[in-house]
Amino acid sequence: MKGKVLFPGSRFKVRFLPFDVTVVVAPGTSLLDAVTQAGLPIKAGCGGGGTCGDCLLLIKSGSCRVRPSAAISENLRTQGYVLACLAEVSDNLTVHLPQFQEMSIQSITDSTFFREHRDEVSGCCGPVALPEIVSDVIPSATDKNIFGIACDVGTTTVVVQLVDLRIGKVLSTASGYNHQLKCGEDVVSRIHYAQKPERLLELNNLIVATINRLIQKCLESIHGIFLDIYFASVSGNTTMTYLLLNMNPLDIQKDPYASAMNRARFKTSRELGLKMNPEAVVLCAPVVGSYVGGDITAGLLCTPLLREAEKVSLFIDVGTNGELVMGNKDWMVTCACSAGPAFEGGGTKCGMPAASGAIERIQLNKGNIEYRVLGNGKPRGVCGSGLVDLLSALFVQGYVDRSGKLNKEKAGFRIADTERGEGFLIEEADRCYWEKDLVITENDIANLIRTKGAVFSACSLLLKNVGLTFKDLDAVYIAGGFGQYLNIENAVSIGLFPDIARDRFHYLGNSSLLGAFLILLSDKNRDLVNETAGKMTYIELNTEPDYMNEYTGSLFLPHTDMSLFPSVKRVFDNIEDKPLN
Ligand code: FES
């Protein structure tokens with residue numbers, strides 16, 4: 001405040017990066033309140049008490065009054081970090097939300113399964129058949145570039161691939177946070193936000209701007225020009241698809257949960273405001289229900305499920321909503337469960353998305369923890385695959401009981417106190433990026449159990465609906481943001497996935513993006529995605545009386561009914577000093 005003269009009623013601007021949102025606040029407003037006013041996501045585990053250290057912000061310019069706290073280290077303080085709840089605005093500020101560092105997003109764009117099966121699922125042999133729907137606008141000269149865009153529009157992140165349509169090759173990839181995040185973290189809050197016409201338009205502009213920026217990035221990396229882009233294939237969940245098309249997504253939530261969009265939509269880039277050749281055609285993959293969107297219909301293209309008549313397969317996409325599809329080329333049933341963001345890093349103290357600094361693999365050996373960090377730096381948190389490893393190790397080695405309660409005697413010095421209750425110490429503060437102990441709390445474990453319970457029970461219910469059992473599944477295809485190191489054995493041992501032969505599980509990677517890419521490659525795939533959407537029977541779990549019973553049974557490790565998990569039972573029976581429950 002030195003040297004600054006404040007006039008009555010003066011107010012300050014606080015600009016938040018990377019979203020470039022500015023709010024105007026009165027002097028003395030806490031930065032935590034300013035972030036909330038800006039509608040941006042921030043963790044605040046102790047509710048603003050200055051003790052959890054969750055609400056770190058980086059001050060890029062300007063100064064603020066900060067109250068001291070032991071929850072932030074001297075080192076971070078000297079780098080310009082403050083705790084938002086203890087910092088009062090006394091100047092114009094530019095502030096960075098450190099959890100949204102653009103360069104840290106890991107974009108999983110591929111998988112071993114996809115590489116091995118590309119010819120089988122791509123629907124085209126040899127040179128790519130240039131899309132018929134853009135045949136009028138594509139230049140005939142063979143020395144001209146003909147580019148396409150495959151785009152996965154996620155609620156949190158967006159990934160764009162620039163594809164040479166003549167040879168079907170990805171030329172560059174760019175990913176970034178969906179700038180709609182400033183209007184709400186999840187689809188439900190964005191649907192509510194969109195209920196005024198000007199706000200619907202704002203959300204539409206934000207997603208268009210996000211995609212355009214990523215197209216620009218892709219083009220820059222190959223010195224390309226946007227006029228050479230003639231076709232785009234976009235896959236996103238139902239809400240994201242509606243918002244890109246500037247359609248009100250509220251109808252998605254209403255009974256009978258029907259969608260107005262169960263066939264692929266074609267628009268021109270001019271209509272959507274996307275930075276491509278103005279005559280370029282944009283195809284949005286069809287959606288099937290409230291929470292079964294184009295990311296799923298496109299994602300199914302990456303699997304043999306749509307091409308096999310005899311076998312029954314299961315496709316699972318574990319995100320904030322778990323989406324499941326079961327069946328084969330003749331029939332398909334689908335549902336979505338509210339899994340919660342625990343495996344995507346939300347709703348847990350130690351969780352984070354699969355980005356640099358995330359622990360993606362963990363092993364526990366006689367109380368010693370070994371882990372691997374994405375990007376090899378100091379750990380910042382644990383992503384989905386690491387959380388699966390950790391929960392499995394804690395369970396099968398007897399550190400937690402079947403209800404997720406810690407065995408404190410066994411955990412010994414690894415029991416740590418946090419503002420969110422007791423937990424198991426993963427790593428000590430001086431070895432962690434945020435210089436705070438990295439701890440998985442009992443609350444975190446409870447959240448993970450609820451998430452895995454929601455997915456497993458949805459899976460059981462789908463099977464029951466069609467009169468099948470887990471044994472009837474020939475293959476399970478796993479999509480989603482787990483990171484590529486999801487350990488199936490561990491996922492089965494916590495009861496996330498069924499206890500069937502492990503070689504039936506296949507990890508797909510970002511199947512939404514891969515599906516969008518396949519749609520670019522052939523007219524056959526474009527027809528197939530429409531056919532698929534038309535064949536899927538959507539089951540709304542909220543109206544299924546049995547779902548709650550299934551879910552309750554799944555709230556144990558691995559399940560209340562151990563006979564469903566014979567291989568896990570064998571391991572569990574051999575645990576020495578296992579906790580009683
Ligand atoms: S919310 Fe700021 S330290 Fe906990």
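# A guided reading of the predicted model

The protein chain has an average pLDDT of 87, and 91% of its residues score at least 70. The structure is a predicted model, and the reading therefore begins with the confidence of the prediction. Over residues 1-6 the pLDDT stays under 50, and for this stretch the model has eight contacts beyond four places in sequence. Where pLDDT is low, the predicted coordinates should not be read in detail.

The interior offers a suitable starting point. The largest nonpolar core comprises 69 residues, and Ile426, Ile440 and Phe497 are those with the most contacts inside it. Helix H11 gives the most to this core, contributing eleven residues. Phe497 illustrates how such a residue is surrounded. When its neighbours within four places in sequence are left aside, Phe497 is in contact with Ile316, Phe456, Ile478, Leu486, Ile488, Ala491, Val492, Phe505 and Phe565. A second core, separate from this one, has 44 residues, among them Leu283, Phe315, Leu508 and Leu528.

From the cores the reader may turn to charged side chains. A search of the whole structure finds 14 salt bridges. In one of them, the side chains of Glu88 and Arg65 meet with an N to O distance of 3.2 Å. Glu88 belongs to strand E6 (residues 87-89) and Arg65 to strand E4 (residues 64-66), so this pair ties together parts that are 23 residues apart in sequence. Both partners are partly exposed: Glu88 has a relative accessible area of 26%, and Arg65 has one of 44%.

Another salt bridge brings together the side chains of Glu422 and Lys408, at 2.8 Å from N to O. Here a strand is paired with a helix: Glu422 lies in strand E21 (residues 421-427) and Lys408 in helix H10 (residues 408-411), so the contact ties together parts that are 14 residues apart in sequence. Glu422 counts as partly exposed at 26% relative accessibility, and Lys408 is likewise partly exposed, with a relative accessible area of 43%.

A further salt bridge is formed by Glu550 and Lys464, whose closest N and O atoms are 2.4 Å apart. Glu550 is placed in helix H15 (residues 547-553) and Lys464 in helix H11 (residues 442-465), so the two residues tie together parts that are 86 residues apart in sequence. The helix that carries Lys464 is H11, which is also the element that gives the most to the largest nonpolar core. The two partners differ in their surroundings, for Glu550 is buried, with a relative accessible area of 12%, whereas Lys464 counts as exposed at 54% relative accessibility. Beyond these pairs, Asp54, Lys349 and Lys436 are joined into one network by salt bridges that share partners.

Polar side chains also deserve attention, including two that are buried. Thr303 is found in the loop between helix H8 (294-300) and strand E14 (312-318). Although Thr303 lies in a loop, its relative accessibility is 0%, and it counts as buried. The side chain of Thr303 reaches the backbone oxygen of Leu300 at 2.8 Å, and it also reaches the backbone nitrogen of Leu305, at 3.2 Å.

Ser172, by contrast with the loop position of Thr303, is located in strand E10 (residues 169-177). Ser172 counts as buried, at 9% relative accessibility. A polar atom of the Ser172 side chain lies 3.1 Å from the backbone oxygen of Cys218. Apart from residues up to four places away in sequence, Ser172 touches Val160, Gln161, Leu162, Cys218, Ser221 and Ile222.

What, finally, is the count of disulfides? The count comes to zero. A disulfide is a covalent bond between the sulfur atoms of two cysteines. For a pair of cysteine sulfur atoms to be counted, the two must lie within 2.5 Å. Cys350 is in no disulfide, since its nearest cysteine sulfur, that of Cys383, is 11 Å away. Cys350 is buried, with a relative accessible area of 2%. Cys432 is also in no disulfide, and the nearest cysteine sulfur to it, that of Cys350, is 11 Å away. Cys432 counts as buried, at 2% relative accessibility.

Definitions and conventions. Residues are numbered from 1 along each chain as its sequence is written. This is a predicted model: local features need pLDDT of at least 70, side-chain atom pairs count only at pLDDT 80 or more; totals for chains, interfaces and linings use all residues. Side-chain values use heavy atoms; hydrogens and water are left out. A salt bridge is a side-chain nitrogen of Lys or Arg within 4 Å of a carboxyl oxygen of Asp or Glu. Helices (H or I, at least four residues) and strands (E, at least two) are DSSP runs, numbered from the N terminus. Buried means under 20% relative accessible area, exposed over 50%, partly exposed in between (1.4 Å probe, protein chains only). A polar contact is a pair of N or O atoms within 3.5 Å; within protein, one must be able to donate a hydrogen and the other to accept it, and residues adjacent in sequence count only if both atoms are side-chain atoms. A nonpolar core is a set of buried Ala, Val, Leu, Ile, Met, Phe, Trp, Tyr and Cys residues joined through side-chain atoms within 4.5 Å. Contact means heavy atoms within 4.5 Å. pLDDT is the predictor's confidence in each residue, from 0 to 100.
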